[in-house]
Amino acid sequence: MNSRNLILTCVCTFLCGCSVENILSEKEYNQGINVLPLPQNINVGSGRFIISKSTQITISDDSLGQVADFYARKMQASTGMNVKVTDKKVENAINLSIDRNVGKGLDTELAAESYLLSVKENGVDIKASSLRGLFYGMATLMQLLPAEIESGHEISHAVWSVPVVDISDSPRFKYRGLMLDVARHFISVEGLKKHIDMLASVKINNLHLHLTDYQGWRIEIRKYPRLTAVGGTRIDEYGKEYSGFYTQEEIKDLVKYARERFVNIIPEIDVPGHSLAAMAAYPELSCTGESYDVMNRWGPFPVVLCPGKENMFELLDGVFAEMSTLFPSEYFHIGGDECPKKVWETCPACQRRIKEEGLFDDKEHSAEDKLQSYAISRCEQILKKYGKKLIGWDEILQGGLAPEATVMSWRGEAGGIASALMNHNVIMTPTSGGMYFDHYQGNSQAEPFAWGGYAPIVRSYNYNPVPDTLVKMGKEKYILGVQGNAWTECMYTEDIVEYRVYPRIFAVAETGWTPDGKKDFNDFSRRLNNMAVRMDYHGINYHIPLPEQPDFCRNHVAFTDVASVSFGTSRPIKMVYTTDGTEPDLHSPVYDKPIQTDTTCTIRIRSVLPSGKMSMVREVRVERQSYKEPDTGRTPEHAGLKLHFAPHRCMYISELSEVKEWKDSVLTSIEPIARLRTNQYMNVEFYVAVAEGYFFVPEDAIYEFSSNNTRITVGDYVAVDNDGKPQVNSRYGKSMALKKGWHKIKIEQISNFIGGWNSQHRNSGAVMMRKYGDEKWTDISKDNIKYN
Ligand code: TNX
């Protein structure tokens with residue numbers, strides 16, 4: 001024990017009258033300053049302030065009671081101390097006061113979020129010009145305390161201390177947000193409250209709820225009950241109902257909860273594309289009056305509202321009217337993304353509207369683009385009536401921006417830049433900047449199934465929302481801030497949503513708050529270890545970086561002699577492993593050099609945070625093989641593969657034995673095995689196809705295989721197994737040592753919906769292979785397949 005802690009021990013023994021067992025600040029993850037987002041200015045002094053039974057929160061006037069009570073309750077829960085709130089001056093206190101000078105000179109909203117925090121050995125002073133600023137000052141104080149302060153139940157015999165510091169802090173941007181897509185997969189009110197707690201703790205001030213889409217309408221509208229009665233339920237591919245929506249009472253409760261934590265909730269009703277759930281409820285909203293079912297797979301789809309008719313705008317007026325009273329937010333999001341306009345070209349009502357409004361084709365925009373702008377501008381007018389400002393995705397630029405629209409730039413930054421140049425406000429949330437939390441946060445071979453794309457936390461962290469072009473043009477002030485988006489097509493449960501959002505949203509928090517020049521990924525990584533413990537107390541299922549092979553990440557490694565498998569993590573974290581089949585735990589060997597073996601084994605490896613919390617286990621099968629001889633010495637006779645095809649609906653390979661009506665033909669190249677269908681999006685043609693024959697291996701080598709087809713068998717060996725899994729990115733390839741020559745191959749393909757996906761959706765049909773050491777995959781080409 002060092003001398004400072006000895007003093008602490010004595011002080012606490014004196015104050016508590018008990019023997020001290022738990023000096024929380026000594027724990028590895030509590031050491032140093034762990035404030036996240038990092039404050040603008042921080043000066044660390046020496047000594048510590050200790051929270052004791054006599055510590056009270058003092059307030060300069062009653063209006064501060066709300067903030068003081070909030071934190072008093074929080075501190076009481078974990079420390080067990082009855083932290084009183086008083087308007088009297090007392091010793092050993094946390095003093096909250098309003099000081100109009102804090103943040104002076106800044107933009108009003110930035111000033112309101114600014115605070116001064118001074119910790120001395122005998123007390124804490126927090127000053128701000130508003131309640132919001134005081135709330136953030138207290139949030140920082142919580143982060144200066146040990147992570148255990150987040151506990152919901154008392155931690156006894158603990159010392160609660162804060163380092164002596166001086167902090168002056170204000171945000172870089174006024175908008176710092178998270179979008180949750182509750183339309184594809186619903187999140188319960190309790191689940192949302194958990195998110196709000198975490199967001200508030202890292203000073204994120206906006207929660208954007210994507211409430212409607214093709215796959216569901218999730219908010220009660222009293223005037224249009226069918227929106228939820230019909231639009232709130234879809235029948236999944238197994239015939240099971242999936243439903244959920246928020247009642248207006250639940251929304252009120254949620255909004256109140258968020259307001260108490262200074263989180264603004266922005267609702268989104270996505271129109272005129274992404275509106276199928278509403279059209280299922282009210283078919284007259286479509287151009288043709290055609291009736292639809294709420295969609296049970298992931299789009300986008302060529303289905304759109306009809307802006308030619310007035311009833312679209314009547315409905316939206318009713319919807320916006322009710323929602324405007326529920327959500328105090330000054331912003332309202334109307335979506336506007338991925339609007340399919342083809343149907344409008346042949347819709348008499350749309351064409352009439354185009355004529356009447358003079359929306360003619362010009363060099364830049366088609367008449368239908370302009371019709372979309374017309375629809376968005378009408379939305380803006382309706383919202384204006386209810387005192388709201390419109391936000392839309394960057395597609396609302398097509399056909400011209402609505403006069404006062406704020407743009408969320410997601411398809412890169414171009415839309416954001418174009419909007420800012422036209423003096424429109426912008427929120428940056430580009431896929432390219434690591435702002436898409438449905439993208440993989442680690443190697444797709446190692447991580448659980450996700451939408452696709454790659455957004456490691458370092459990319460989210462390093463993103464700078466102000467493009468140089470805008471700085472040069474003096475337009476950077478139009479960048480309101482930054483947001484991370486969690487689209488939930490592939491987030492089937494609330495746990496998975498948490499896994500994808502945390503900790504990447506903390507990177508967004510820091511990008512949105514801390515000046516770019518002060519950001520430091522290594523220090524951020526260190527602070528994440530402290531945040532992890534806080535998240536544990538909130539029951540958040542956060543992502544812990546998995547061990548990955550730095551060169552080629554694969555779950556199956558073949559070797560003929562000796563194998564050497566090395567691992568790393570996306571930020572410095574300890575790894576433990578076993579090779580004897582047992583589950584690695586805290587006592588297992590620590591990974592410190594490549595694992596070498598000359599016999600077949602399974603490496604089980606996981607990461608361990610300083611708190612002792614472990615990641616999921618990765619299993620890497622390391623298999624000793626001898627080179628497989630070709631299956632025939634002679635070049636097979638005919639070009640292509642033998643194809644057996646049947647129009648049969650099933651889900652698994654094991655069901656193929658039941659198929660009777662096979663039709664035989666020849667597949668001249670492999671890819672069409674996934675293209676034996678009518679329409680990729682709207683209809684899935686259910687079929688099974690099996691192609692058999694030989695493929696040519698150009699040289700003796702170890703090859704790995706990858707394909708989105710259901711199963712690939714080489715000789716007798718299953719080289720790719722996607723059986724029963726969403727086949728949108730191959731994650732199951734195995735490796736084989738193969739001799740030059742013709743080897744047997746069997747390609748099995750099941751066309752069905754799997755996990756909400758058309759199994760053909762992103763499937764090129766190809767079977768790819770690559771030699772160990774090669775960077776590039778190559779398709780098995782039509783010249784290299786033959787049959788007898
Ligand atoms: C595009 S981002 C969409 C969403 C999808 C997402 C998947 C945006 C405005 N539209 O509907 O869920 O991609 O990454």
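In this predicted model, the largest pocket is lined by 22 residues. Glu109, Arg132, Asn206, Asn264 and Glu330 lie nearest its centre. Two or more lining residues come from each of α3 (108-112), α7 (248-260) and β15 (264-271). Helix α7 provides the largest share, three residues. The volume of this pocket is about 570 Å³. By class, its lining holds 10 nonpolar, five polar and seven charged residues.

The second largest pocket has a volume of about 390 Å³. Its lining also comprises 22 residues. Those nearest the centre are Phe70, Lys74, Glu150, Asp197 and His538. Four helices each supply at least two lining residues: α2 (65-79), α4 (131-144), α5 (189-201) and α18 (521-537). The most come from α2, which gives five. The lining of the second largest pocket divides into 11 nonpolar, five polar and six charged residues.

The ligand is surrounded by Arg184, His274, Asp337, Glu338, Trp393, Trp410, Tyr436, Asp438, Trp451, Trp487 and Glu489. This shell contains five nonpolar residues, one polar residue and five charged residues. Tryptophan appears in the shell at positions 393, 410, 451 and 487. Tyr436 also belongs to the nonpolar class, and His274 belongs to the polar class. Among the charged members of the shell are Asp337, Asp438 and Glu489. Each of these three acidic side chains has a polar atom close to the ligand, as follows. For Asp337, a polar side-chain atom lies 2.8 Å from a ligand nitrogen atom. For Asp438, the partner is an oxygen atom of the ligand, and the distance is 2.6 Å. An N or O atom in the side chain of Glu489 is 2.5 Å from a ligand oxygen atom. Taken alone, the ligand exposes 370 Å². The protein buries 95% of that area.

Strand β26 (residues 618-624) pairs with β21 (residues 556-559) and with β25 (residues 601-608). The strands β21 and β26 run parallel and are joined by four bridges. Within this pairing, Phe559 has Arg624 of β26 as its bridge partner. The pairing of β25 with β26 is antiparallel and extends over five bridges. There, Ile603 is bridged to Val620 of β26. In a regular strand, side chains alternate between the two faces of the sheet.

Backbone geometry shows further local features. The peptide bond from Leu36 to Pro37 is cis, with omega near 0°. Pro37 sits in the loop between β1 (22-23) and β2 (41-51). A cis peptide bond also joins Val271 and Pro272, where omega is about -5°. Pro272 lies in the loop that runs between β15 and α8 (276-281). Strand β15 is thus adjoined by this loop and is also among the elements that line the largest pocket. Lys203 is a residue other than glycine with a positive phi, near 65°. Lys203 is located in the loop between α5 and β10 (206-210). Helix α5, which precedes that loop, is one of the elements that supply the lining of the second largest pocket.

Key: Residues are numbered from 1 along each chain as its sequence is written. This is a predicted model: local features need pLDDT of at least 70, side-chain atom pairs count only at pLDDT 80 or more; totals for chains, interfaces and linings use all residues. Side-chain values use heavy atoms; hydrogens and water are left out. On a 1 Å grid over the protein atoms alone, a cavity is a set of points where a 1.4 Å probe fits but cannot get out, and a pocket is an open set with protein on both sides within 12 Å along at least five of seven lines; lining residues have an atom within 4 Å of a point. Grid points are joined across faces, edges and corners, and a volume is the space filled by probe spheres set on the points. A residue is near a molecule or strand if one of its heavy atoms lies within 4 Å of it. A polar contact is a pair of N or O atoms within 3.5 Å; within protein, one must be able to donate a hydrogen and the other to accept it, and residues adjacent in sequence count only if both atoms are side-chain atoms. Accessible areas come from the Shrake-Rupley method with a 1.4 Å probe; for residues, only the protein chains shown count as cover. Two strands pair if DSSP finds at least two bridges between them.
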